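Subject: Structure handover

Dear colleague,

Here is the structure I said I would pass on. My notes on it follow below.

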Amino acid sequence: MATYAFGHKIPDSDSIVGAIAISYLKNQLGEEVIPARQGDISAETEFILNKFGGKLPELVTSVAGHNVYIVDSTDKIHFQDDIDEATILGIFDHHKLGDLTTSTPLEMWVRPIGCSNTVIKEVYDYHGVEIPKDIAGMMMCAILSDTVIFKSPTCTKVDTKAVKELAKIVGIEDYKALGMEMFIAKSQVDGASSRNLNTRDYKAFDMNGSKVGVNQLEMVDISVLESRKEEIMADMKAMKEENGLHTMIVLLTDIMKEGSQLLAVSDDYSKIESAFDCKLENNQVWLDGVLSRKKQIIPFIQPLF
Ligand code: MG
Ligand code: MG
Ligand code: MG
């Protein structure tokens, strides 16, 4: 029996770095924990690991009989199929509470702030454990990613303070420039198939029995995808069929213009129109100021199911 730390399926930087940061912290506290992941990492996460010399966590797709620390979600649908047969020792998250339950007591750190790594930074501080330079750098980048360099409405003073403290540990002054470099790495779409684009940051949600899939592409300039929208929509239709979805949404988020182009394929488009009080044109709409899936998209769709 091993103890693993990991985040959600289709791991983002918060999930990967969170797994590394929690494992190191627990190891310092005398507990053996192995950083893990549930899938391939993104170009952004690769950028972060390369920049700070981080090791790629182990791929773990089955956890029955093991102990686990969970990062960045509490929705069962985002974890291994046998997650119910694992013992959850702890949760470190910043999302709505999902449907994971436990039969034993656990530690739970869930806060309405911008990033799981900000939560984890607070846990380091709570235990008085020093964060090594390389992990501090990765945590700083994860927070810059989740908060879209502080632009996201999910960003709080706790997050900006954490980034500043982590930057000091790393010895980086212009952390916003590093954040931009990271988003440029994330924005690369040359040669990527529409399926690759549609699954880069894909999350499924169980909405009262209906499955809704939402993918988000956070880019420095979404106009580079203008000519590919039709092909992206065709693949969304295919994904909707393959996964038995009620609705598939792709958010093309422009972090410079600070808004998102929403593309939808749905059994009921009126749900999207009433959720965002908008009129879809060619199954699309520009949502000004919308940067956050968890705060500005999901809470408006979920009540309609
Ligand atoms: Mg995440
Ligand atoms: Mg996160
Ligand atoms: Mg994200």
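What spacing do the donors of the magnesium ion (ligand 2) follow along the chain? They follow the pattern D-x57-D-x21-H-x51-D. Please keep in mind while reading that this is a predicted model.

**The metal sites**

The protein donors behind that pattern are Asp14 (OD), Asp72 (OD), His94 (NE2) and Asp146 (OD), and they lie 2.1 to 2.3 Å from the magnesium ion (ligand 2). Two of these donors, aspartate 72 and histidine 94, link distant parts of the chain, being 22 residues apart. Aspartate 72 is in the loop between E4 and E5, while histidine 94 is in the loop between E5 and strand E6 (107–110). Aspartate 72 and histidine 94 are both buried.

The magnesium ion (ligand 1) has His8 (NE2), Asp12 (OD) and Asp72 (OD) as its protein donors, at 2.0 to 2.3 Å. Along the sequence, the donor residues of the magnesium ion (ligand 1) are spaced H-x3-D-x59-D. Here too a pair of donors links distant parts of the chain: aspartate 12 and aspartate 72 are 60 residues apart. Aspartate 12 sits in the loop between strand E1 (3–6) and helix H1 (13–28), and aspartate 72 in the loop between strand E4 (67–71) and strand E5 (87–93). Aspartate 12 is buried, as is aspartate 72.

Aspartate 72 appears in both donor lists, and it bridges the magnesium ion (ligand 2) and the magnesium ion (ligand 1). The two ions are 3.5 Å apart.

**The two domains**

The domain assignment divides the chain into domain 1 (3–184) and domain 2 (194–304). Taken over C-alpha atoms, the centres of domain 1 and domain 2 are separated by 25 Å. Across the boundary, 16 residues of domain 1 are in contact with 20 residues of domain 2. About 1700 Å² is buried between domain 1 and domain 2, and carbon and sulfur atoms give 66% of that area. Ile10, Lys151 and Pro153 supply 30% of the area that domain 1 buries against domain 2, more than any other three residues.

For polar links between domain 1 and domain 2, the count is 3 residue pairs in polar contact, both residues at pLDDT 80 or more. The salt bridge count between domain 1 and domain 2 is 1. Lysine 151, already named for its share of the buried area, also forms a salt bridge through its side chain with the side chain of glutamate 258 (3.8 Å, N to O).

**Two further residues**

Lysine 186 belongs to helix H6 (residues 175–186). Not counting residues up to four places away in sequence, lysine 186 touches Glu44, Ser145, Arg200 and Glu218. With glutamate 218 there is a polar contact, side chain to side chain, at 2.5 Å.

Threonine 253 is part of strand E9 (residues 247–254). Is threonine 253 buried or exposed? Threonine 253 counts as buried because its relative accessibility is 0%, and the cut-off for buried is under 20%. The side chain of threonine 253 makes a polar contact of 2.9 Å with the side chain of glutamine 216. Beyond its neighbours within four places in sequence, threonine 253 is in contact with several residues, among them Gln216, Leu217, Glu218, Met219 and Ile222. Other contacts of threonine 253 include Gly259, Ser260, Val290 and Leu291.

Regards

Definitions and conventions. Residues numbered from 1 in each chain as written. Chains lettered and ligands numbered in written order. Predicted model: local features only at pLDDT ≥ 70, side-chain atom pairs only at ≥ 80, totals over all residues. Heavy atoms only, no water. Donors = N, O, S within 2.8 Å, 3.2 Å for Na, K, Ca; no water. Helix = DSSP H or I, 4+ residues; strand = E, 2+ residues; numbered from the N terminus. Buried < 20%, exposed > 50% of the residue type's maximum accessible area, 1.4 Å probe, protein only. Domains from an automatic or database assignment. Contact = heavy atoms within 4.5 Å. Buried area = accessible area lost by both parts, 1.4 Å probe. Salt bridge = Lys/Arg side-chain N within 4 Å of Asp/Glu carboxyl O. Polar contact = N/O pair within 3.5 Å; in protein donor to acceptor, adjacent residues only side chain to side chain.
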